[in-house]
Structures are given as structure tokens and as C-alpha cells.
Amino acid sequence: MDAAKRYFRSPAAVIGLILLLLVIAMAVSAGFLYPRDPLALAGRPLVWPFSNPRFLLGTDNSGRDIAAQIFYGARISLLIGGVATMIAILIGILVGAFAGYYGGWVDNVLMRITEAFQTLPNFVLLLVLVAVFGSTLTTVTIAVGVVSWPAPARLTRAEFLSLRNREFVQAGKTLGMKDVQLILGEILPNALPPVIVYASVVMAVAILLESALAFLRLSDPNVASWGNLIGLGRDVLRVQWYVSAIPGIAILVTVLAVSLVGQGLNDALNPRLKSR
Amino acid sequence: MSEMVLSLDGLTVRLPKGADRPHALSDVSLSVASNKILCVVGESGSGKSMMANAIMRLLPHEVTIERGRMMFDGRDLCAADSAEMRDVRGAGIAMIFQEPMTALNPLRTIGDQIGEMFAIHTGLSKTEINARVEALLEDVRIPDPTAAAKAYPHELSGGQRQRAMIAMALALDPKLLIADEPTTALDVTTQAQILKLIRDLQQRKKTAVLFITHDFGVVAEIADRVVVMQHGAIVEQGTADKVLNDPQHAYTKQLISAVPPLTAPPPRILSGKDILTIEGVSKTYRTGGFLGRGARITEAVKNVSLRLPRGATLGIVGESGSGKSTLARCIVRLIDPDTGSIVLDGKDWAKLDRDEIRRETRHIQMVFQDPFASLNPRRKAAELVAQGPIVHGTDRATAIAEARKLFELVGLDPSAGDRYPHEFSGGQRQRIGLARALALKPDVLVADEPVSALDVSVQAQVLKLLAGLRQQLGLSIIFITHDLRVAAQICDLVAVMKDGAVVEQGLTAEVFGKPQHPYTQALLSAIPGGAFAREHDTATV
């Protein structure tokens with residue numbers, strides 16, 4: 001519980017956590033506050049924020065409530081962020097653990113594949129995947145996850161490389177443990193903290209990737225997402241800039257929250273790195 | 001009475017809140033005379049290194065000098081500002097450290113780093129500096145000083161690096177040399193050479209030396225005066241002769257009696273039956289090279305044959321790089337030997353495949369050197385001990401219950417099982433490691449330097465425990481160590497290894513009493529304070 005205490009000692013980490021909880025609260029409460037379909041037409045198009053109490057944040061160019069879209073968009077962003085991160089971390093840990101533990105040709109093959117993925121720009125790869133497999137919510141989420149795994153894989157591999165020759169792993173070997181037991185039971189728990197911290201970076205990037213995709217109108221158009229809203233606002237950017245700005249702020253806040261939480265976790269889980 | 005170079009007067013150093021004690025040093029008063037060696041002895045945590053850092057004013061950030069004076073060269077170092085301290089460091093007081101590899105910058109040549117001392121503190125020209133550097137390296141008797149000056153730290157051996165450090169420390173003829181465990185990381189023969197070198201240089205240059213060590217053997221070898229520290233306070237000080245031969249304080253007595261005597265205990269009757277026979281085991285490493293060209297070949301273990309009678313303890317002694325640890329790992333098959341046979345109870349262990357090893361491994365278990373690295377930090381102690389039986393099919397509850405019984409056997413509180421490894425001291429962790437190995441009820445225990453990382457008094461306890469368990473459980477033990485004093489205490493048989501080969505083996509009393517091979521003789525004569533250890537032995541018996 002030392003880690004929790006250390007976490008709450010940092011004001012930045014606490015602010016990050018509060019912001020993140022706020023975004024989660026938005027996602028949870030969307031259904032109660034805006035029971036109607038957020039993509040349904042609600043009023044006149046392009047109502048400025050705070051000018052009509054019915055539409056607190058105004059309406060977009062086709063007359064849909066921006067506030068409702070922001071609330072529902074939180075769900076999509078968290079969903080894509082969370083699931084894509086899990087996919088990326090899972091693939092990353094698997095690849096990294098095997099490469100780091102076995103070394104030799106296994107390491108060589110897996111790391112060359114990782115490098116192949118890493119040398120391609122993330123976003124270009126994502127565009128290709130979406131172009132080939134279509135842009136439903138599921139494919140977009142999986143695609144974002146699939147382009148984000150190389151960095152966690154390298155991180156896990158580095159941890160495994162340094163841990164696999166520790167005496168406690170050798171002790172496990174002399175006790176007669178199988179490789180799987182050694183990898184999962186002995187090494188992985190010790191290798192995990194930096195990877196968990198890195199997951200926050202992956203999550204922030206995943207949210208941004210989806211938004212960027214939506215901005216190019218290549219994300220799933222049938223869900224209310226922040227990126228879609230920004231994409232719509234592009235057409236009226238010069239005059240009704242708020243259509244793009246409001247979801248932009250939402251993305252900013254969410255990514256900031258996730259990063260602050262990640263930084264806080266880092267300091268809490270690796271106290272020695274920050275001895276000042 | 002000679003002139004005092006440094007005198008500490010009531011020095012008290014405060015530790016940050018949350019440390020295990022409020023003061024790192026409390027009320028320490030001592031003085032170092034010119035042309036004399038003062039040894040500060042104490043176990044880990046006694047504050048001896050903190051004192052060296054306090055004198056150099058190199059204390060960690062939250063550690064502060066609370067009160068006291070440190071008079072050096074007519075001024076109080078406690079009151080000196082950082083500009084004054086820069087003048088004192090290096091030129092007035094020089095320091096050498098335990099691990100020369102980390103104290104030297106790996107990216108710069110030795111000559112460059114020594115020359116820096118002159119560049120900072122004097123206005124000598126480049127050619128003069130180079131000449132001085134070479135003269136210094138010659139002083140510390142590095143072979144081929146010209147080449148050594150151009151070498152990078154990794155290109156020198158541990159002993160040579162420490163010589164280079166000493167050359168650097170003595171570059172500006174400091175009045176005081178602080179040596180913080182300078183020989184602890186070195187092999188025993190190298191240690192003897194470095195001790196002799198420090199002694200010679202000190203006498204030639206009339207330097208005062210503050211020598212920090214945990215080893216009473218080293219004290220006996222080198223000290224003029226001795227200060228004994230415990231928990232940050234001085235418990236006894238006096239001339240070396242007086243403290244060593246007529247200790248007054250109980251703690252000093254305890255430390256001295258914990259120094260392992262050099263002669264073997266009376267031989268035990270050994271079983272005629274061998275439990276483990278090792279025949280012609282070799283292990284060769286090849287690194288680098290392409291398609292076999294330009295590869296570096298290291299013969300870590302060369303054609304080693306040993307036998308271990310049932311119930312006996314076989315010591316394998318040697319310096320670092322002698323292949324003793326590789327051999328131990330070959331025996332438990334953490335490393336696969338290239339050739340040879342390892343027969344345990346009629347089964348050739350060297351020929352088993354992975355699955356068979358996993359099944360058979362409970363007959364032969366290993367205890368590791370580093371009590372900090374050998375326990376998984378994320379598992380509770382009882383779990384660690386129960387792991388082995390669980391892997392071999394015992395159900396979890398039974399295994400945990402048995403683990404608690406084992407705790408008692410190795411002298412730990414059974415309730416300690418719920419704690420994590422970092423909550424234990426080094427000696428306690430080594431007991432957990434031992435319990436883990438014993439949980440599988442092995443016939444043979446391979447112990448790789450099990451006491452090397454421990455303080456001398458803890459070392460004695462763990463050795464006693466091992467000897468007791470050997471009797472109680474009928475264990476046969478292979479005991480790897482670099483410390484001949486430890487080997488003499490516990491081993492029935494010893495094998496001396498050098499460069500991967502066994503050069504001499506036999507009964508401990510015979511090998512240590514009448515060493516045949518020149519290398520064994522060199523090892524035995526290099527033991528620090530050898531004469532003292534022998535005397536001390538006859539005195540205690």
C-alpha cells in the first residue's frame with residue numbers, strides 16, 4: 001500500500017485521477033442525461049454554446065446536440081482507448097516475454113518482426129488496415145491496438161533480458177519449474193510495473209489515433225465520437241469554430257488525465273527513480 | 001607522539017526521518033596521525049563508510065552533519081564551504097573506493113583520468129603531466145605503465161584498476177588517504193598485493209591512512225591503530241596489538257571470535273560410498289566470430305573429476321574466474337556441460353533431458369550467493385519455500401504448512417512466512433534460501449558462496465546452521481567459496497580450482513596443512529592476517 005500512498009502524495013497525479021474519473025463519470029451518465037440518440041436531429045443547426053438552455057454546448061452543422069455527443073463520445077474514446085491498449089499490451093507482453101526469455105533465434109525473429117512494424121509510421125499502417133478491413137468500431141479498435149504493440153514489446157523484452165539471469169529465476173529452475181511457470185509466475189510480476197506505466201502512453205496515443213482517423217472521416221460514422229465531431233466541424237471551422245474546439249478540449253483533457261495518471265503510477269511504482 | 005593529520009571531535013551525523021536509527025554517526029571522536037594507518041572496523045550498517053563520506057563532505061542529500069568538528073590542516077571541515085572543500089578533496093584528502101570499475105569513467109583512458117588530477121589542481125604542462133602520470137603508475141607497480149596509461153578501465157584487471165585508483169589518489173601527495181574497503185572486491189592473492197602496496201607507499205610518502213574494512217584479517221595485516229564501530233558509535237579504540245590481542249569491549253571480542261580460524265576442525269569419519277561422482281566434466285564458451293573464425297574460446301571448466309562421499313562436505317575453492325561457479329551450475333544443470341558424467345545415485349545427471357531434470361531436480365538443490373537477488377521480491381517467504389514442493393505435486397496447504405516447519409529448522413520465526421523478502425536482513429534471507437532448497441528434501445546441496453555476502457558474525461551463524469543441518473538431515477554438500485577460512489571451517493574435503501581445472505584436492509586438513517601445489521600455497525599465504533588467524537585459533541581452542 002506504499003505505492004498508493006506515494007501516488008496520492010503527488011498533486012499532478014491526483015488531478016489526473018480526478019479528471020479521468022470525470023471523463024468516466026461522463027461516459028457512465030450519458031444514458032441518463034441524454035436518453036435520446038445523440039446522433040438524432042435535435043434543433044436548429046449551428047446554435048452557439050450557452051445561447052439556448054436546451055443545448056448547453058450548442059448544436060453542430062446538422063443540428064445535433066454537441067453536449068450529448070461529447071458525453072457519448074467519452075464512452076467511445078474510453079472504449080477504444082481501453083480495449084486497444086489491452087490488445088497492444090497483451091501482444092507486446094507475449095512477444096516481449098518470449099523474445100526476452102528465450103533469446104537466440106526466437107528473439108531474432110520476433111524482434112525483426114517488431115522492427116518491421118515499428119519502422120512503418122503508425123498512422124499510415126492504421127489507414128491501410130482501416131482501408132482494407134472497413135471502418136466499423138470493432139475493426140478500428142483492433143486496428144489501433146495492432147499498430148501500438150511494438151513499443152510495449154520492446155519494453156517487456158528489455159525487462160525480461162535483465163531479469164531472466166537473476167538468481168531467483170535460476171532458483172526457480174533448480175526447483176524444477178517449467179518455462180511457462182518461470183515466465184508468468186516469476187519474471188512477469190517483476191517486469192510488469194514499467195509496462196503498466198507505459199500502458200497509459202499507449203492509451204493516450206490510441207485515443208488520439210482514433211480522433212485523427214475520425215477527423216479524416218475514416219472512423220465509424222455511426223457512433224458519436226469526439227473525432228467525428230471535429231471532422232464535422234472542419235467545414236465550419238472559420239466561423240463556428242466551437243464545433244471542433246469543444247471535442248478538441250475533451251480529447252485534450254482526457255489525454256492529459258491519462259498521461260498524468262501514468263506519470264503518477266510511474267513515480268509510485270518506481271520510487272527509486274525519483275529520489276529527490 | 002606524531003602530528004595529528006585529521007581529528008574528529010564529537011562528530012554526529014543525522015539520518016533523514018524514517019531511517020532505522022536517528023543518527024548515522026553519534027559522537028565519533030578519533031584522530032589519524034601522520035605516517036600511520038588507522039583501521040576502522042565494523043559490520044555493514046555500522047556507519048564506517050558514512051564517516052568517510054562525512055569527512056569528504058560527500059554525504060547523501062538528506063543526511064546532514066548535526067554537530068562536531070573535523071579538524072584537518074588547521075581548519076574545520078564541517079564549516080568549510082564548497083570551494084574550500086574542492087581544494088581539500090584530491091589535494092589534501094584523497095579517497096579510494098571498493099569497486100574500482102564503477103569509480104573510474106569507462107569512456108576515458110587511465111592516464112587521462114590520473115592526469116586530470118594535475119590539470120585541476122596544478123598548472124603543469126601537458127608533457128610534464130604525462131611524465132608524472134607514468135611515474136605514478138610505475139610507483140603503484142602496474143606492469144607496463146606506458147601501455148596502462150593508454151588503456152581504458154575495462155582493459156585492466158581488477159587489481160590493476162585498483163592500482164590505478166591508488167595512483168590517482170596519491171597523485172598530489174595528499175596528507176590523508178581514505179581507503180573505503182579497497183580490497184573487498186578483489187581476490188585474495190590480489191588483495192595481499194594491494195595491501196602490501198598501500199603499506200609501502202604509505203611508509204615511503206609518510207601519508208596518513210584511514211582504512212575502512214570489515215575484515216579483522218586485513219586489520220591484523222595493515223593497522224597501526226584500530227577503531228571498532230557499532231551502530232554509528234565507537235565502541236573501542238587503541239593500538240592494533242592491544243585491540244586484537246586484548247579486546248575489552250564485548251562487541252570487539254565477538255567480532256574477533258567470529259573470524260574463522262584457518263585450521264580445519266578434527267576430521268569426521270567419511271562414508272566409503274560416494275553419492276556424487278563427477279568425471280571429466282568440461283564446459284567451453286565460444287563468443288563472437290563469424291562461421292567459427294575469430295571466435296573467443298573460454299575454457300570455463302576443464303576436465304574436472306571429483307567425488308563426494310555420502311554425508312560429506314566438499315569445498316571447491318578458487319579465485320574469481322576459476323570456474324567454480326560454472327562447475328556448480330553444471331552440477332545442477334543450470335548449465336549443460338559439454339563432456340563428462342555427473343553420476344548421482346547411479347544416474348548420469350549430465351545425460352538427462354530437460355523433462356527428466358525437472359523431475360529429478362529434487363535430489364539436488366542449490367543455495368545461491370546473493371541473498372538479495374535470489375528471492376523473488378514479489379512472493380512471501382512461506383510461498384517461496386513452498387514453491388518447490390508445489391511444483392512437484394504437493395498441494396498448496398500442505399506445502400505452506402511444511403514451509404513453516406522448515407522456518408523453525410533454519411532458525412526463523414514460523415510467523416515470518418507472511419512477510420516479503422525485503423523485510424528480512426541478509427542473514428535471514430540466506431536462511432530462507434536454505435529452507436527453499438531443503439523443502440524438496442534433497443540428497444545433495446550445492447551451495448554457491450552462500451556466506452560471502454554476509455557480515456562475519458552472521459557468516460558464523462549460517463555456517464553453524466549448515467553444519468548442524470548436515471548432521472541432522474544427512475545432507476551431502478558441495479560448498480563453493482573463495483574464502484579459504486570459510487572452507488577450512490566446514491569442509492571435510494577441498495578441491496582447489498585455478499583457470500577451470502582442479503589443481504589439488506584431498507582432506508581439508510591435509511590440503512591446508514601441507515599444500516602441495518604452488519597455487520594452493522600462494523592462496524594460503526595470501527590470506528590477510530594469516531599469522532593472526534593461526535594464533536587466534538590456538539588461543540581459542
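User: I'm new to this one. Which residues does Ile297(B) touch, not counting residues up to four places away in sequence?

Analyst: Thr284(B) and Arg286(B). Keep in mind that this is a predicted model. Ile297(B) itself sits in strand β12 (residues 296-309) of chain B.

User: What makes Ile297(B) count as exposed?

Analyst: The count of C-beta neighbours around Ile297(B) is 10 inside 10 Å. The label "exposed" goes to residues with 12 or fewer, so with its 10 neighbours Ile297(B) counts as exposed.

User: How far is the C-alpha atom of Ile297(B) from that of Asp224(B)?

Analyst: They're 46 Å apart, and the two residues are separated by 73 places along the chain.

User: Let's move to β7(B). What makes this strand mostly covered?

Analyst: Strand β7 of chain B spans residues 176-180, and 5 of its 5 residues are buried. A residue needs 20 or more other C-beta atoms within 10 Å to be called buried. On one side that goes for Leu176(B), Ile178(B) and Asp180(B), and on the other for Leu177(B) and Ala179(B), so both faces are covered.

User: How do you know that β7(B) pairs with β6(B) and β8(B), and in which sense?

Analyst: Pairing takes at least two bridges. Strand β6 (residues 93-96) of chain B shares 4 bridges with β7(B), in the parallel sense, and one of the pairs is Ile96(B) with Ala179(B). Between β7(B) and β8 (residues 208-213) of chain B there are 5 bridges, parallel too. There, Leu176(B) stands opposite Ala208(B). The chain gets from β7(B) to β8(B) through helix α8 (residues 188-205) of chain B, in a right-handed β-α-β crossover.

User: Why are β6 and β10 of chain B called edge strands?

Analyst: They belong to an open sheet of 6 strands in chain B, ordered β6-β7-β8-β3-β9-β10, with mixed pairing. β6(B) and β10(B) (233-239) each pair on one side only, and that earns them the name. Neighbouring strands in this sheet are turned by 15 degrees against each other on average, direction ignored.

User: And in the sheet that holds β16(B) and β20(B), why is one side of each left without a neighbour?

Analyst: That open sheet has 6 strands in the order β16-β17-β18-β13-β19-β20 of chain B, again with mixed pairing. β16 (364-367) and β20 (501-507) of chain B stand at the edges with a single partner strand each, so one side stays free of a neighbour in the sheet. The twist averages 15 degrees from one strand to the next. Helix α12 (residues 324-331) of chain B packs on this sheet, touching β13 (313-317), β17 (444-448), β18 (476-481) and β19 of chain B. The direction of α12(B) makes about 150 degrees with that of β18(B).

User: How do you know that β19(B) and β20(B) are paired, and which way do they run?

Analyst: The requirement is at least two bridges, and 6 join β19 (residues 493-498) of chain B to β20(B), so they count as paired. They run antiparallel. One facing pair is Ala495(B) and Gln505(B).

User: Over to chain A. What makes helix α10(A) mostly covered?

Analyst: 8 of its 8 residues, 226-233, are buried, among them Trp226(A), Leu229(A) and Ile230(A). What covers them includes α3 (66-102), α9 and α11 (242-269) of chain A.

User: Where do α4(A) and α7(A) meet, and at what angle?

Analyst: Helices α4 (residues 104-119) and α7 (residues 150-163) of chain A pack at about 140 degrees, their axes 9 Å apart. The crossing is left-handed. Thr114(A), Phe117(A) and Gln118(A) in α4(A) meet Pro150(A), Ala153(A) and Arg154(A) in α7(A). That contact divides into 3 nonpolar, 2 polar and 1 charged residue.

User: How many residues do the two chains bring to their contact, and which element of chain A gives the most?

Analyst: 14 residues of chain A are in contact with 22 of chain B. On chain A's side, the elements giving two or more residues are α8 (167-174) and α9 (179-215). α8(A) gives the most, with 6 residues. By type, chain A's side has 5 nonpolar, 4 polar and 5 charged residues.

Technical notes:
Residues numbered from 1 in each chain as written. Chains lettered and ligands numbered in written order. Predicted model: local features only at pLDDT ≥ 70, side-chain atom pairs only at ≥ 80, totals over all residues. Axes fitted to C-alpha atoms, helices over the stretch in contact; angles between N-to-C directions. Contact = placed C-beta atoms within 7 Å. Left-handed = near helix turned anticlockwise from the far one by under 90°. Nonpolar A, V, L, I, M, F, W, Y, C, P; charged D, E, K, R; others polar. Right-handed = clockwise from strand over helix to strand, strands pointing away.
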